[in-house]
Amino acid sequence: MLYNLTITKPYEHILPVWQEILYSQSEDFYLRKSEATDGMILDVREEQSDTFDPSDTDTCIRMHAGLNLLTPMNYALFYKEDLLLLITVMAAAQKVGEISFLVDKKFVTADPKVKLMLLRAFNKALPELPFYRLQAKVKNTFEAANKFVLAMNFKPEGNLEGYGGQGVDYTMYSRICTKE
């Protein structure tokens, strides 16, 4: 189902499906719709600091409101009490979705078992999205994020020269999402 203005709550079914998948990996995972204040508690990784400044409260609130107008699939992912990721998924074209992650520094220091459980969960959850193709753009110099999307079975498609803030290069990744 693509976004349709006649549907009052499009994609509403995704959140409980993803919650169940995460919970099946560990009862310590908690996923909910994100709130504007989530951006302000996020201790964003240095590699993403040129695209997101959590100390800019006004921008955090406007970004959150803007994203919610574009898509209701804005999630905050916690492990125990720690916010690990802010996730946004939005329709980009017919049957094509775009996914992005804002990563907290706590994700970096998380136990490798937590990261593995999360990767397993995402590999089960992504095919539940109503998209045939899912794409992600990652800063070329953000090595951990490039490894993360590769571990989620995304494939690199090409370089996006000067795509990011201050003219930095990104890589476009895609994943064909089919249910097994």
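Is E157 buried, exposed or partly exposed? E157 counts as partly exposed, at 45% relative accessibility. Its salt-bridge partner is R133. This report places that pair in the wider chain. The model is predicted.

**Overall layout**

The protein chain has 6 helices and 7 strands. Along the sequence they follow the pattern α-β-α-α-β-β-β-α-α-β-α-β-β. The chain counts 180 residues, and 46% of them are buried. Take the contacts between residues at least 6 apart in sequence: 61% of these join residues at least 24 apart. The accessible surface comes to about 9700 Å². Carbon and sulfur atoms account for 54% of that surface.

**Helix α1**

Helix α1 runs over residues 14-25 and has 12 residues. From first C-alpha to last, α1 reaches 17 Å, close to the 16 Å expected at 1.5 Å a residue. Six names make up the buried list here: I14, L15, W18, I21, L22 and Q25. Viewed down the axis of α1, these buried residues fall within an arc of 130°, so they line one face of the helix. The spacing follows a general rule. An α-helix has 3.6 residues a turn, so residues three or four places apart point the same way.

What do the buried residues of α1 pack against? They pack against strands β1 (29-33), β2 (74-79), β3 (82-93) and β4, and against helix α5. The other side of α1 looks outward, with E20 and S24 exposed.

**Helix α6**

Helix α6 spans residues 143-151. Its buried residues are A145, N146, F148 and V149. They cover an arc of only 160° around the axis, which puts them on the same side of α6. The cover over these residues includes β4 (96-103), α4 (105-109), α5 (112-125), β5 (133-139) and β7 (170-176). Strand β4 and helix α5 are also among the packing partners of α1. On the face of α6 turned away from its buried side sit the exposed residues E143 and K147. After α6 comes N153, with a positive phi near 70°.

**Salt bridges**

Side chains of opposite charge can pair when their charged atoms come close. The whole structure holds 5 salt bridges. Three of them are tabulated here.

| Pair | N to O distance |
|---|---|
| R32 and E35 | 3.8 Å |
| K106 and D104 | 3.6 Å |
| R133 and E157 | 2.6 Å |

Start with R32 and E35, which meet through their side chains. R32 is buried, with a relative accessible area of 16%. E35 is partly exposed, at 41%.

Next come K106 and D104. D104 counts as buried, at 0% relative accessibility. K106 counts as partly exposed, at 32%.

Now back to the opening pair. The closest N and O atoms of R133 and E157 are 2.6 Å apart. Which parts of the chain does this pair tie together? R133 lies in strand β5 and E157 in strand β6 (residues 155-160), so the salt bridge links parts that are 24 residues apart in sequence. Strand β5 also helps cover the buried residues of α6.

**In brief**

Helix α1 has its buried residues on one face, with E20 and S24 exposed on the other side. In α6, the buried residues also share a side, while E143 and K147 are exposed on the face turned away. The R133 and E157 salt bridge joins β5 to β6, and E157 is partly exposed.

How values were computed:
Residues numbered from 1 in each chain as written. Predicted model: local features only at pLDDT ≥ 70, side-chain atom pairs only at ≥ 80, totals over all residues. Heavy atoms only, no water. Buried < 20%, exposed > 50% of the residue type's maximum accessible area, 1.4 Å probe, protein only. Helix = DSSP H or I, 4+ residues; strand = E, 2+ residues; numbered from the N terminus. Arc of directions from axis to C-beta. Contact = heavy atoms within 4.5 Å. Expected span 1.5 Å × (residues − 1). Salt bridge = Lys/Arg side-chain N within 4 Å of Asp/Glu carboxyl O. Areas by Shrake-Rupley, 256 points an atom, 1.4 Å probe, with all protein chains shown as cover.
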